[in-house]
Amino acid sequence: MTITGWKTRYREIRNEFGYNEYDDLRSAKKLNRHIGKKYPTSNIKKIISGKIIFIIGAGPSLTRSISTIKKYKNVTKIVADGAVQALIEHNIKPDILVTDLDGDMPSIKKIGRSKIPIIVHAHGNNYEKLELVTKFQNKIGTTQTDKFGKLENFGGFTDGDRCVFLAEAFKPKKIILFGMDFGNKIGKYSKKKVIDKKTKLKKLEYGKKLLEWIARKSNSELYTTTKPIRGFKNISMTDLEYIVNN
């Protein structure tokens, strides 16, 4: 299920950021040990395949998008990490949470205890947090190395673009991005402790590059309500109703 060409992208990411494949694999092996019963990917397919998907990131524009997102109760919502806090605060139910466990932990744990599927990603920098997966009810583990054991590799780098890669793996009808700004500001619902803002912004820029790459491969209709991304059509909130209903 890993997208063709991902190994090349992963090698580029390691070279760009100086990441060690051994560290990623070490975390992946730990996640695989702790995942327990894996949530069926066939259930994820039912949630996504042929559907209209809202991908909700934690960028600065999320706050002003919330009231619009809330109107669409029957649209599948895949939420990136810290953005789930905003949804919980406004009583919006996510359908899938994608996280590497560095967002708002009370919100992540709340989703983990529910029946909502949670996609937990292992990488070299979150080794110490991965035991948390044992407390989650419906979970799938992912890695950015070769998939093995109970783990999947849908592709993607940051939480936001990994949401899109996840959706693409199950062939949705349309993907619409919210709070996926990829600008020079970090949203208040993003990672709680940004120690190195320069690196964080560099990661976001690379996430944008990955979305532009997957857009060239996609058969879905792709839209964004935020800043331009090549391959995604920019739409306003007033356009949204037509896009969703047609």
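1. A patch, as the word is used here, is made of residues with over 30% relative accessible area and no salt bridge, with like charges joined within 9 Å. The model under review is predicted. In this model, K109, K110, R113 and K135 form a positive surface patch. K109 sits in helix 6, residues 105-113. Its relative accessible area is 32%, so K109 ranks as partly exposed. That value fits the patch cut-off of over 30%.

2. Next, the interior around helix 5. L87 belongs to this helix, which covers residues 83-89. Buried or exposed: which is L87? L87 is buried, because its relative accessibility is 0%. Leaving out residues up to four places away in sequence, L87 is in contact with I56, I66, V79, I92 and P94. L87 and K70 are 17 residues apart along the chain, and 8.5 Å separates their C-alpha atoms.

3. Helix 4 spans residues 62-71, and its buried residues are L62, S65, I66, T68 and I69. What do they pack against? The partners are strand 1 (52-56), strand 2 (76-80), helix 5, strand 6 (174-178) and helix 9 (237-245). One of these buried residues, I66, is also among the contacts of L87.

4. On to charge pairing. Side chains of opposite charge can pair when their charged atoms come close. How many salt bridges does the structure hold? There are eleven.

5. D159 and R162 make one salt bridge, with 2.3 Å between the closest N and O atoms. Both residues lie in helix 7 (residues 159-169), three residues apart, or about one turn of the helix. D159 and R162 are both buried.

6. R230 pairs with E212 in a salt bridge, the closest N and O atoms lying 3.0 Å apart. This pair links distant parts of the chain, 18 residues apart: R230 is in the loop between strand 7 (221-224) and strand 8 (233-234), while E212 is in helix 8 (residues 197-215). R230 counts as exposed because its relative accessibility is 62%. E212 has a relative accessible area of 10% and is therefore buried. Elsewhere, K38, K147 and E152 are joined into one network by salt bridges that share partners.

7. D95 and K93 form a salt bridge too, with the closest N and O atoms 4.0 Å apart. For reference, the salt-bridge criterion is within 4 Å. D95 is partly exposed, because its relative accessibility is 22%. K93 reaches 54% and so counts as exposed.

Note on methods: Residues are numbered from 1 along each chain as its sequence is written. This is a predicted model: local features need pLDDT of at least 70, side-chain atom pairs count only at pLDDT 80 or more; totals for chains, interfaces and linings use all residues. Side-chain values use heavy atoms; hydrogens and water are left out. Patches are made of residues with over 30% relative accessible area and no salt bridge: like charges are joined within 9 Å, nonpolar side chains (Val, Leu, Ile, Met, Phe, Trp, Tyr) within 5 Å. Accessible areas come from the Shrake-Rupley method with a 1.4 Å probe; for residues, only the protein chains shown count as cover. A salt bridge is a side-chain nitrogen of Lys or Arg within 4 Å of a carboxyl oxygen of Asp or Glu. Lys and Arg count as positive and Asp and Glu as negative; His and the chain ends are not counted. The place of a charge is taken as NZ of Lys, CZ of Arg, CG of Asp or CD of Glu. Helices (H or I, at least four residues) and strands (E, at least two) are DSSP runs, numbered from the N terminus. Buried means under 20% relative accessible area, exposed over 50%, partly exposed in between (1.4 Å probe, protein chains only). Contact means heavy atoms within 4.5 Å.
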